[in-house]
Amino acid sequence: MLSLAQARALQLSAQGLLQAPRRRPRRDDVVAAVARMRLLQIDTIHVVARSPYLVLHSRLGDYPAAWLDEALAQGRLAECWAHEACFVSATDVAWHRGGHDHRAHHWAHRHAARMHREQRADMDALLQSIRASGPVRAADFSRRAGVAKAGWWEWKPEKRWLEAWFALGELMVARRDNFQRVYDLAENVLARLEPPFDPAFAPSAAQQRERFILDSVRALGVTQAAWVADYFRLKPKVGERELAPLVASGELLAVPVEGWPTPGYVHRDHAATLAQALAGRLRATRTVLLSPFDPLVWDRARAHAMFGFEYTIECYTPAPKRRYGYFVLPILHRGRLVGRLDAKAHRDIGVFEVKAVFLEPGVSPQPALVQAVAAAIADTARWHGTPEIRLGRTSPAALARPLRAAWSAG
């Protein structure tokens, strides 16, 4: 039986968060990290770093954020709808473009299909103009005077149409300019993928579902059946009955986990790591800040079951009702989620504002923990180009002095 601590270590190992990197990052590490996680969720909030860059920083350390943009432009990564809008490895694109029964249930696809039914003439005209004139950005279209803002995030009509064609698969993202999507015909983007896209490969919906189930278990390291569907937003939910044939075939391993009412599932690729975990030889030594959209914590029920960490992202909550802050980063320390940090990067003046740091109930600000957390905050601040750290409040209040002392000595 896996202890809960061993299960955490196995999950962290699968996610690339168990230990610090042993060498400086390389360009290929960006693609490898996305392939390891199977997907990298995109979010545009940038009070700290935008989420995909921060997720990679948690795994790779001090890497140039431009490497992610380069990998997309080079066709080594692509964007698609998966968990939400995500970067995926070029090797997985065919799986995401197959199995249309899976894509059709996603909210983005449903919205896009309805929009096309209601605004077919305008959307078809936009697609034809891209076919004739080449790639475009939403910024290439000016907002029409007198047109009320409405719909998706108050986007102008052309932005909504571009996003709808992206969700429907007719457009893809060729590259990003200052994080703005540059849309092109899917056939053009697919032709530039590396490794090459095979248009003859067309998995059925059943094949795609099985692939995404296996990929979810592989990415999670160890998981309950109830957590599998969320990773790729599969419907219907995945249950133990559906996983049983994969256990029988040897694709998955079933293992009891301390305190779990149902088995844990491990991909066969992690059999050796599972053996290490069972023998107590997986040691979690990493201390990092995590994005709210990191795969480790985006399933709030899983984060609570695995780490005892109750987490709600509050950027969509009115300010007076927030408990911790606008964009709060979970703090991972040696296999535990020990706290959370509310921060803002002021890039124009080089300041990393730590509005608040909260340790979890029962977590004591021991010197080793404080030093590790201070170093993680400082590493993130330097990576942002905001090396000056300004600390606001802390909980407990006694945490403030040793944090400041650690930064002064660093």
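Okay, one bit of vocabulary before we start: when I say helix, I mean a DSSP run of H or I with at least four residues, a strand is a run of E with at least two, and both are numbered from the N terminus. With that in hand, let's go to Pro236, which sits in the loop between helices α12 (228-232) and α13 (240-248). And please keep in mind that what we're looking at is a predicted model.

So what is the peptide bond from Lys235 to Pro236, cis or trans? It's cis, with omega near 0°. That loop has something else to show you. Arg233 is also in the loop between α12 and α13, and Arg233 has a positive phi, about 55°, even though it isn't a glycine. Why point these out at all? Because most residues other than glycine have a negative phi, and most peptide bonds are trans.

There's another cis bond further along, from Ser395 to Pro396, and here omega is near 10°. You'll find Pro396 in the loop between strand β13 (388-395) and helix α17 (400-409).

Now let's zoom out to the domains. The protein is split into domain 1 (4-95 + 202-279), domain 2 (100-141 + 157-191) and domain 3 (312-409). Notice that domain 1 and domain 2 are each written as two stretches of chain.

I'd like to spend a while on how domain 1 and domain 2 meet. Their C-alpha centres are 27 Å apart. How many residues does each one bring to the contact? Domain 1 brings 25 and domain 2 brings 16. Together they bury about 1,700 Å² between them, and 63% of that comes from carbon and sulfur atoms. On the domain 1 side, three names to remember are Leu72, Glu79 and Trp81: they supply 36% of the area that domain 1 buries against domain 2, more than any other three residues.

What about charges across that boundary? There are two salt bridges between domain 1 and domain 2. Let's follow Glu79 for a second, since its side chain meets that of Arg181 in a salt bridge, at 2.9 Å from N to O. Arg181 also forms a salt bridge with Glu163, where the closest N and O atoms are 2.7 Å apart. That second pair joins distant parts of the chain: Arg181 is in strand β6 (residues 180-185) and Glu163 is in helix α9 (residues 157-168), 18 residues apart. Over the whole structure, the count is 25 salt bridges.

Next up, the empty spaces. The structure has four cavities of 30 Å³ or more. I'll pick the second largest, with a volume of about 60 Å³. Which domains does its lining draw on? Domain 1 and domain 2 each give at least three residues. Leu72, one of our three names from before, is in that lining, along with others including Ala73, Val173 and Arg192. Helix α4 (66-73) and strands β2 (77-81) and β5 (171-177) each supply at least two of the lining residues. By class, you get eight nonpolar residues, one polar and one charged.

Last stop: the second largest pocket, which holds about 450 Å³ of space. It's lined by 20 residues, and the closest to its centre are Gly16, Gln19, Pro21, Arg36 and Arg59. Three helices, α1 (4-15), α2 (27-37) and α3 (51-60), each put at least two residues into that lining. Which of them gives the most? That's α2, with five residues. As for the mix, this pocket's lining has 10 nonpolar, four polar and six charged residues.

That's my tour. If you open the model afterwards, try starting at Arg181 and finding both of its partners, Glu79 and Glu163. Thanks, everyone!

Definitions and conventions
Residues numbered from 1 in each chain as written. Predicted model: local features only at pLDDT ≥ 70, side-chain atom pairs only at ≥ 80, totals over all residues. Heavy atoms only, no water. 1 Å grid on protein atoms, 1.4 Å probe; cavity = no way out; pocket = protein on both sides within 12 Å on 5 of 7 lines; lining within 4 Å. Points joined across faces, edges and corners; volume = space filled by probe spheres on them. Nonpolar A, V, L, I, M, F, W, Y, C, P; charged D, E, K, R; others polar. Domains from an automatic or database assignment. Contact = heavy atoms within 4.5 Å. Buried area = accessible area lost by both parts, 1.4 Å probe. Salt bridge = Lys/Arg side-chain N within 4 Å of Asp/Glu carboxyl O.
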